[in-house]
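Colleague: Could you walk me through this model before I get back to the bench? I'd like to hear about the salt bridges first.

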Amino acid sequence: EVWTLMNSKYSEFLPSVQNREDLVAEVEGLCMDIDLLKAAIENEVQQDLKVAVTEFTELKQQLERDSVVLSVLKMLQEFDTAMKEFSTALLEEKYMPAAQRLQKARSSLRKVESYRGFELRIPKALHKELTVQEQNIIYQLGKEWQKLVVWKLPHSKGSSSLEAVVLSELHLHTVPPQGGDTAVPPVAAVLQALAVVGELHYKLKEFGQLLMEYILKPLISYPSLEPVTEEQPDVFILRFRSQELASDEFSPMKVFDQIKLIFEVLHKYLLNVPLEEPGKGEKDGRVTLAELLGELIWEELSNCLIHSCLVHSVPSSSSQLEQYKEVIESTKEFEKALKEMQFLKQDKTALLKYACNVNFHFANKKCQDLIKAARKLMTSEIHNTVKITPDSIAALPELPSPGSGDHPKTHGPSNLLDNGTVNLGSESSLSQSTLSLPTCRISSSVQQLVELAYNTMEEAKTSTKFCCLQLCNCVRDIFHVFCEVVPKYHRENLQKLPQLAAIHYNNCMYIAHHLLTLGHQFRYLSSAVLSDCGGTFVDAVPDFKKLGMECFLAQMQVQKRGVLDRLWSARNFSNMDDDENYHAANKSIKQVLHQLKGLGTVWQDVLPVHVYCKAMGTLLNTALAEIVTRITALEDISAEGADRLYSLCKIMVDEGPQVFTPLLEEHKNKKYQEEVPVFVQKWMMFKELMIILRANLQEIVDRWADGKGPLAEQFSAAEVKSLIRALFQNTERRAAALARIK
């Protein structure tokens, strides 16, 4: 049974094994076919495919080259066509089509030159031809332009004098023919063609320069010029004529009207031509000739109008500011007219801005004029003087009563003082001369300078806040300039001439005197304005006092050195019994007195009396102190020498007071000559020295009076002992006297 079962299983398995073997054999056969096919593809088909790809690439490149050549040929054909049409249009004087064809030819040639990889010689030749034809049309258009716009200028070209301008004419052969075809006027064709070829800018620039030099600038600079227009059938003529004027005043309204007339006729006959200017216009790339010309000359024209016309019309006083509104309105109308003619762009308002800023320009002009006038006064001669007294009355603003709050009004002399006094309660009163400047002489130029400052402050009261501030600052600047200019400009004279030094001192004190109250008198201007310009002028008072004092003290030092130099030749007042020494000392004393008398004369009626007396007293005191010092230093004085020293001192005592002559009236000077001890500190010491020179020992001891007498008030014990030893021989009496001096 087992064997039978195995045979039945084997008989069932055997066919299956044979079938699988058959399939293996079939698969092996298919693999061999695949290998054969793969080998065939690699050896034959792939090689044929590579050849096909190479052929396709070559055909593609050939097609591209042929396409480029075809495009180049097409553009060359377009170039040729455009050049032929250009030549035809140029011969027929159809300038605009000719210019357009030339631009088309240039565009085609540029496209040809833009292709790379082609070494073509023909574009170079075509470029040369294009350049020749371009210069040809430019030449033709230039001739046409010269026919349209003709300048007839004087032989001295370049001169813009009045005579040359009157001989100048502008002829515009742009008048449309009567009854002719005006669809495209010849002038428009020429100008449009010039714009297309890029030459219009150069033509307009040259035209604008001539227009400025021979028409616009002369109209601004010469008020007597008047434009004359004349229209003939084929030409428009613009010329000038000169008319006599009563004055050379610049009227902006007249200038604006005349320039507006010029642009109106230019706009009518030349400038109203639309041009194709891509990128420059606002609508479809179109601009007018007026716009192009405006861009070229407006800046120069506006500057000329401002600096040669409007600047002269700026008012010189605040009362004229109201009238300036007419100028502002005229400027507005002028700019509006130019904008309507498209000569001026809407955003250009340089003239109107300048005119509307009149307050600023008025203030600047006023300040410049004030500084100029002040500087002229400062550099004028100092010695031209006027006399100032406490009774001098100036036309100053009236100060309001305290607490009134009213603004002061300007009128004549101040009425603050009634019958010469100001009441301060029921009992006390001040005289009119209280706090007044003492009688002296000042330069007339300084008086005018102070009046200029007052007038300026007075004008500031009625000005705008800005002008008020500028004018107040200008007054401050005037006084600052005085401190800088006068000492330097007049330095040499102030050092050499004592009279000018005294006048300068008075000038400084006069200015300082007014600066004390100048700000107070105008305190009602505006608290804000006054604070902006420094509040008051009191801060400048010390500077002016210092300026005057330094100059006068420097002159005093010069005079002191003169006194000491002259006393130096007195040989120390020693050995006066020697005639030669005595004569030398006597001469030096007289020279000192002569110097002081001369100085007193040049300062007479110039310095205030108290300053005069103090100055002369100081110089005389210098001389006396030097003499006392020299004599007290002597170790031996003979009897004859003492007498001669006494005589020399007596000359000083007798003639010294005569140098005090502050006033012109001689009888009035006696008062000051009698008050010499008040002004000369060493006067009493000098007189005591004279007493000692002639006194005996007892008299000297008596005047010493144990240190309580008049001699002790002037000399020290050592000085008195030294004089006794020099004057008296060494005796018991001298020793006793010396013992009493302690």
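**Salt bridges and strands**

Modeller: This is a predicted model, and in it the side chains of E492 and K496 meet in a salt bridge, with N and O 2.9 Å apart.

Colleague: Why are E492 and K496 separated by about one helical turn?

Modeller: Because they sit four residues apart in helix α14, which covers residues 491-496, E492 and K496 are about one helical turn from each other. An α-helix has 3.6 residues a turn, so residues three or four places apart point the same way. As for its surroundings, K496 is exposed, with a relative accessible area of 56%.

Colleague: OK, and which residue forms a salt bridge with K488?

Modeller: That is E484, and the closest N and O atoms of the pair are 3.9 Å apart. Both K488 and E484 belong to helix α13 (residues 465-489), where they are four residues apart, about one turn of the helix. K488 counts as exposed at 53% relative accessibility, whereas E484 is partly exposed, with a relative accessible area of 38%.

Colleague: How many salt bridges does the structure hold?

Modeller: The structure holds 21 of them. Among them is the one between R239 and E169, whose closest N and O atoms are 3.2 Å apart. R239 lies in strand β4 and E169 in strand β2, so this pair ties together parts that are 70 residues apart in sequence. E169 and R239 are also linked with E230 in a network of salt bridges.

Colleague: Is R239 buried, partly exposed or exposed?

Modeller: R239 counts as partly exposed, at 23% relative accessibility.

Colleague: What about the strands themselves, and in which sense do β2 and β4 pair?

Modeller: Strand β2 (residues 169-172) pairs with strand β4 (residues 236-242) in the antiparallel sense, over four bridges. Within that pairing, R239 in β4 is the bridge partner of E169, and R239 and E169 also form the salt bridge we just discussed. Strand β3 (residues 225-231) likewise runs antiparallel to β4, and seven bridges join the two. One of the bridge partners there is S242 in β4, which is matched with L225, and a hairpin of four residues joins β3 to β4.

Colleague: Switching to helices, how many residues does α3 have, and how far does it reach?

Modeller: Helix α3 (residues 122-148) has 27 residues and reaches 39 Å from its first C-alpha to its last, which is close to the 39 Å expected at 1.5 Å a residue. Its buried residues include L126, L130, I137, I138, L141 and W145, but also Q133, E134 and E144.

Colleague: And H267, is that buried or exposed?

Modeller: H267, which is found in helix α7 (residues 252-271), is buried, because its relative accessible area of 18% falls under the 20% cut-off. Leaving aside neighbours within four places in sequence, H267 is in contact with N272, A290 and M341.

Colleague: Which residues form a nonpolar patch on the surface?

Modeller: V2, W3 and M6 form such a patch, with about 380 Å² of accessible area together. V2 lies in helix α1, which covers residues 2-91, and is exposed, with a relative accessible area of 60%.

Colleague: Last one, what does the whole chain look like in numbers?

Modeller: The protein chain has 27 helices and ten strands, and of its 742 residues, 42% count as buried. It exposes about 41,700 Å², of which carbon and sulfur atoms supply 52%. Among contacts with a separation of 6 or more, residues 24 or more positions apart account for 73%.

Note on methods. Residues numbered from 1 in each chain as written. Predicted model: local features only at pLDDT ≥ 70, side-chain atom pairs only at ≥ 80, totals over all residues. Heavy atoms only, no water. Buried < 20%, exposed > 50% of the residue type's maximum accessible area, 1.4 Å probe, protein only. Contact = heavy atoms within 4.5 Å. Areas by Shrake-Rupley, 256 points an atom, 1.4 Å probe, with all protein chains shown as cover. Pairing = 2+ DSSP bridges. Expected span 1.5 Å × (residues − 1). Patch = residues over 30% accessible without salt bridge, like charges linked within 9 Å, V, L, I, M, F, W, Y side chains within 5 Å. Salt bridge = Lys/Arg side-chain N within 4 Å of Asp/Glu carboxyl O.
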